[in-house]
Amino acid sequence: MLSLILSFYTELYTLMTTVRTILALLLLLAATAAPLRAATLPPASPAGILSFADALYGRGDYYRAITEYRRFLFFFPGDRAAPRAALRIGESYLAGSRWEDAETALQQVVKSYPGTVEARHAALLFAGVPFRRGNYPLARQRYRQLLGGGALDAADAAEVPPPLALTLI
């Protein structure tokens, strides 16, 4: 009888050890899976991300602003403010004097959001990048292409910076 009771407690101990191990593994799995799920959830609001990105841009923290504008575009690519966020990426690169990155970003705005105010503004900024770099002949060529190709109207032409307008004469 004593051996039967001892055998029962031995089996019970083995079972409890197994259950404890399974619970520990489940907790470990849950703890490691939670950050993965959290990383794929969108942030609370598109307006919150844009507001933060705009604040960074306003403080002159252009590269962190780019990150936040990209985050907005990642989570909310179809939002009506997406063209503005994409344009701000190009403007941020311009403000940071990263000319090639600015040109790439501005061309992407024109390509991704044709017919929008942001696309026209991006085209103007793209045309003006060589002017900022001191390459006046290329700036003149780009602006003439815009104005002559019908991509811009008279109101857009008024946005050409005065020093650059002189190069078109």
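**Exercise 1. Confidence along the chain**

Task: In this predicted model, find how many contacts beyond four places in sequence the model has for residues 36–41, where pLDDT stays under 50.

Solution: Begin with the stretch itself, residues 36–41, over which pLDDT stays under 50, and note that the model has two contacts beyond four places in sequence for these residues. Next, set this beside the protein chain as a whole, which averages a pLDDT of 82, with 73% of the residues scoring at least 70. Finally, keep a rule of reading in mind: where pLDDT is low, the predicted coordinates should not be read in detail.

**Exercise 2. The overall fold**

Task: Describe which elements the protein chain contains, and in what pattern they follow along the sequence.

Solution: Counting the elements gives nine helices and zero strands, and reading along the sequence gives the pattern α-α-α-α-α-α-α-α-α. The next step is to look at burial and surface: buried residues make up 30% of the 169 residues, while the chain exposes about 10800 Å², of which carbon and sulfur atoms supply 65%. As a last step, consider the contacts with a separation of 6 or more, of which 46% are accounted for by residues 24 or more positions apart.

**Exercise 3. The nonpolar cores**

Task: State how many residues the largest nonpolar core has, and which of them have the most contacts inside it.

Solution: The largest nonpolar core has 28 residues, and those with the most contacts inside it are Leu50, Tyr69, Phe72, Ile89, Tyr93, Leu94 and Leu106. Two or more residues of this core are given by each of helix H2 (46–58), helix H3 (62–75), helix H4 (82–95), helix H5 (99–112) and helix H6 (117–133). The largest share, seven residues, comes from H4.

To follow a single residue, take Leu106: when residues up to four places away in sequence are not counted, Leu106 touches Leu87, Gly90, Leu94, Ala122, Leu125, Phe126 and Val129. A second, separate core has five residues, including Ala123, Ala127, Tyr143 and Leu146.

**Exercise 4. Glu103 and its surroundings**

Task: Decide whether Glu103 is buried or exposed, and name the residues with which Glu103 is in contact, leaving aside its neighbours within four places in sequence.

Solution: First locate Glu103, which is found in helix H5. Its relative accessible area is 15%, and since the cut-off for buried is under 20%, Glu103 counts as buried. Leaving aside the neighbours within four places in sequence, Glu103 is in contact with Phe126, Val129, Pro130 and Arg142. Two of these contact partners also meet each other, for Arg142 lies over the face of Phe126, at 3.9 Å from the ring centre. A second arrangement of this kind involves Arg88, which lies over the face of Tyr57, at 3.8 Å from the ring centre.

**Exercise 5. Aromatic pairs**

Task: Explain why the pair of Phe74 and Phe75 is edge-to-face, and state how Phe75 and Phe76 are paired.

Solution: A pair of aromatic rings is described by the distance of the centres and the angle of the planes. The structure holds five aromatic pairs. For Phe74 and Phe75, the ring centres are 5.0 Å apart and the planes stand at 80°; because planes over 60 degrees apart count as edge-to-face, this pair is edge-to-face. For Phe75 and Phe76, the values are 6.4 Å centre to centre and 55° between the planes, and this pair is tilted.

The next step is to compare accessibility: Phe74 is exposed at 63%, Phe75 is partly exposed at 23%, and Phe76 is buried at 17%. Finally, Phe72, Phe74, Phe75 and Phe76 form one aromatic cluster.

**Exercise 6. Places along the backbone**

Task: Say where Ser97 is found, and how many residues apart in sequence Ser112 and Ala86 are.

Solution: Ser97 is found in the loop between H4 and H5, and has a positive phi of about 60° although it is not a glycine. With a relative accessible area of 43%, Ser97 is partly exposed.

Turn next to Ser112, which has its place in helix H5 and is partly exposed, at 36%. Ser112 and Ala86 are 26 residues apart in sequence, and their C-alpha atoms are 9.2 Å apart in space. In the same manner, examine Arg71 in helix H3: its C-alpha atom is separated by 9.7 Å from that of Ala85, 14 residues apart along the chain.

Notes
Residues are numbered from 1 along each chain as its sequence is written. This is a predicted model: local features need pLDDT of at least 70, side-chain atom pairs count only at pLDDT 80 or more; totals for chains, interfaces and linings use all residues. Side-chain values use heavy atoms; hydrogens and water are left out. Helices (H or I, at least four residues) and strands (E, at least two) are DSSP runs, numbered from the N terminus. Buried means under 20% relative accessible area, exposed over 50%, partly exposed in between (1.4 Å probe, protein chains only). Contact means heavy atoms within 4.5 Å. Accessible areas come from the Shrake-Rupley method with a 1.4 Å probe; for residues, only the protein chains shown count as cover. A nonpolar core is a set of buried Ala, Val, Leu, Ile, Met, Phe, Trp, Tyr and Cys residues joined through side-chain atoms within 4.5 Å. Rings of Phe, Tyr and Trp (its six-membered ring) pair if their centres lie within 6.5 Å; planes under 30 degrees apart count as stacked, over 60 as edge-to-face and the rest as tilted. A charge sits over a ring if NZ of Lys or CZ of Arg is within 6 Å of the ring centre and within 35 degrees of the ring normal. pLDDT is the predictor's confidence in each residue, from 0 to 100.
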